[in-house]
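This briefing covers chain symmetry, sheet pairing and helix packing. Please consult the sequence and the structure shown here.

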There are 2 protein chains.
Amino acid sequence: MKTGKTFIISGPSGVGKSTVLRELLRDRDDLYFSISATTRTPREGEIDGVHYHFINVDQFREMIQEDEFLEYAEYVGNFYGTPKRYVDEAMAQGKDVILDIEVQGALQVIGKRPDTVRIFIAPPSWDALEQRLTGRGTDSPEKIQKRLVRAKVELQTADTYDYFVINDTVENAVREINAIMLAEHCRPSERMEILQ
Amino acid sequence: MKTGKTFIISGPSGVGKSTVLRELLRDRDDLYFSISATTRTPREGEIDGVHYHFINVDQFREMIQEDEFLEYAEYVGNFYGTPKRYVDEAMAQGKDVILDIEVQGALQVIGKRPDTVRIFIAPPSWDALEQRLTGRGTDSPEKIQKRLVRAKVELQTADTYDYFVINDTVENAVREINAIMLAEHCRPSERMEILQ
């Protein structure tokens with residue numbers, strides 16, 4: 001049976017990653033979208049096991065000690081992490097796994113599992129990214145400029161990523177991610193055994 | 001403008017490579033199938049510039065000296081080679097290039113152009129390959145056994161290839177090759193400049 005592969009998908013704020021991931025996941029039941037564990041309090045409407053695995057700080061620390069995370073980070077006083085367990089279960093079922101994480105988290109995952117494939121979703125241009133951030137209407141001009149600077153820094157640190165997908169249209173981005181996932185399943189390491 | 005990429009497609013005798021390539025090329029005018037130069041005499045119906053570039057031995061030797069081949073070999077007293085010129089012209093036009101060459105020729109190409117992507121078309125199983133060779137009805141049982149041994153040797157030497165495409169059905173093989181070609185155009189090296 002086919003074994004699943006893990007794909008990290010990163011991208012700067014405003015690039016449209018959520019929309020791309022939603023479209024990608026819609027028609028594929030052979031894909032598992034990894035749900036993070038966190039110590040923060042659930043917000044209104046958030047469901048345990050759907051939006052996050054909500055756990056307490058002691059549980060989180062114990063999982064760190066037991067090496068049960070592919071990556072984790074502390075952010076504004078709360079812990080967030082990717083539990084190995086669900087990823088491994090999905091891969092054992094032959095599913096590919098999507099990790100929606102940042103560049104720093106991706107480095108941690110690669111340290112533990114170098115065969116993880118990293119895809120960076122990039123905007124077609126900086127102007128396009130600025131327009132999208134402005135169009136959302138949620139951020140002040142100063143905040144938008146900060147996000148743009150951060151996006152450029154992220155892109156620089158993402159130059160070791162395996163693939164860059166340009167989100168010019170959601171359809172193109174999804175098509176490219178699907179192609180990358182299929183291509184990565186054509187690696188000799190996955191196929192030599194067929195011909196022993 | 002997009003620059004083309006070169007893809008080597010290799011595979012053992014009987015694997016169905018010609019059919020896969022024909023289907024692959026049928027609907028894509030952005031693909032250039034490289035035509036070899038040869039010193040052998042044209043056979044009935046063969047057209048210069050379509051089946052081969054037919055040249056004489058002096059011309060061939062001069063092209064070797066001028067380093068005008070991506071790879072070449074001598075086979076049963078005749079030279080065969082891949083001229084750089086047409087490959088470079090097609091790539092400059094933004095076309096991807098397919099080189100239908102053997103594992104040894106592929107090594108020569110990689111030596112000159114390490115960014116060439118190598119795809120090996122493999123049978124779904126050795127039994128399937130044997131059945132196809134038998135089904136063609138053109139080879140004696142002894143010759144079929146020789147071809148099988150040769151295919152296994154080729155596969156061993158192809159373990160450094162970038163991709164293995166299993167030709168279980170032509171449709172699947174073509175789909176995988178198209179995915180590989182699209183994925184390879186998502187490499188950071190091709191896309192960093194968009195975001196400078």
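**Symmetry of the two chains**

Ala179(B) is the residue of chain B that comes closest to the rotation axis, with its C-alpha at 2.2 Å. This is a predicted model, in which local features need pLDDT of at least 70 and side-chain atom pairs count only at pLDDT 80 or more, while totals for chains, interfaces and linings use all residues. Residues are numbered from 1 along each chain as its sequence is written, and chains are lettered from A in the order in which they are written.

- A turn of 180° and a shift of 0.0 Å along the axis lay chain B on chain A with an RMSD of 0.0 Å (least-squares superposition on C-alpha atoms of residues with pLDDT of at least 70 in both).
- That is the relation of a two-fold axis.
- The same surface serves both copies, since 100% of the contact residues of chain B recur in chain A (contact: heavy atoms within 4.5 Å).

**Sheet of chain B**

- Five strands form an open sheet in the order β2-β7-β1-β8-β9, with parallel pairing (strands are DSSP E runs of at least two residues; a pair needs at least two DSSP bridges).
- The edge strands are β2 (31-33) and β9 (163-166).
- Four bridges link β1 (residues 6-10) and β8 (residues 117-122) of chain B, and Ser10(B) has Phe120(B) as its bridge partner.

**Strand β9 of chain A**

- Tyr163(A) and Val165(A) on one side, and Phe164(A) and Ile166(A) on the other, are all buried (under 20% relative accessible area, 1.4 Å probe, protein chains only).
- Phe164(A) is the bridge partner of Phe120(A).

Key
Side-chain values use heavy atoms; hydrogens and water are left out. Buried means under 20% relative accessible area, exposed over 50%, partly exposed in between (1.4 Å probe, protein chains only).
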